[in-house]
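Work through the exercises below with the sequence and the 3D structure at hand. Try each task before reading its solution.

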Amino acid sequence: MKDVNYAEVSGLILDHLAHGGIFFSVKDKQGRVNTMNTAWGGPAFYWNKNVYVAPIRHDRHTLSLLQNAESFTISVPLHGQLKKELAYVGTHHGYNEDKFAGCNLSFAEAKSVDSIIIDQCDLHIECEIQLVTEMDKAGMDKNVYDKCYADGDMHVLYFGEVVACYRTDL
Ligand SMILES: Cc1cc2nc3c(=O)[nH]c(=O)nc-3n(C[C@H](O)[C@H](O)[C@H](O)COP(=O)(O)O)c2cc1C
């Protein structure tokens, strides 16, 4: 395990977001865990902190766990592995199944927050939630709204301070 510079690995994260997505994981205060695929959002800098911004739609089981959690994690498979698993967790819902068992995916304890990471991944970002905010149609470009939110289900934005950033393949 090697700590790495968030700014330096941000390009890797953006590249994986745009090409298949990455794992977004949560553990709530009751110890319930879940993971899903996210392909939007990404690294940012707010409040003089390194931040990760994740957009989560209302119907995700992940969102119901996040509402009772203080952190989330991002896990990135840097070497082309876990493509089937990313597709699985991006198309199945944790409210009616254990997705880890469903696709033989394993997780480990995060090191700096009370959460989990996907241990077959290589790059992990652990975040403490700083801000939760709803998108507002009133301020959105109409073309973006029509293309991405025609059904009215807009994202909830989770801003997390990066408290650990490390690789497990180095
Ligand atoms: C490639 C890919 C990218 C995705 N990106 C997002 C995303 O950024 N935000 C989101 O809310 N859902 C996204 N999804 C959809 C969720 O991963 C999907 O609805 C998942 O089944 C939710 O799981 P859950 O109900 O267990 O939370 C994506 C799905 C795929 C396949």
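Two exercises follow, each with a worked solution.

The model is predicted: local features need pLDDT of at least 70, side-chain atom pairs count only at pLDDT 80 or more, and totals for chains, interfaces and linings use all residues. Residues are numbered from 1 along each chain as its sequence is written.

**Exercise 1.** Describe the protein chain as a whole: its secondary structure and its compactness.

Solution.
1. The protein chain has five helices and 10 strands; these are DSSP runs, numbered from the N terminus, with helices being H or I of at least four residues and strands E of at least two.
2. The radius of gyration of the protein chain is 15 Å, close to the 15 Å from the globule rule for 170 residues, so the chain is as compact as a globular protein of that length. The radius is taken over C-alpha atoms, and the rule is 2.2 Å times the number of residues to the power 0.38.
3. The C-alpha trace spans about 45 × 40 × 30 Å along its principal axes.

**Exercise 2.** Locate N48 and L82, and decide whether N48 and L82 are buried or exposed.

Solution.
1. Most residues other than glycine have a negative phi.
2. N48 has a positive phi, near 60°, and sits in the loop between strand 4 (42–46) and strand 5 (49–57).
3. L82 also has a positive phi, about 65°, and lies in the loop between strand 6 (71–76) and helix 3 (83–89).
4. Count the other C-beta atoms, placed from the backbone, within 10 Å of the residue's own: 20 or more is buried, 12 or fewer exposed, and in between partly exposed.
5. N48 has 6, so N48 is exposed.
6. L82 has 21, so L82 is buried.
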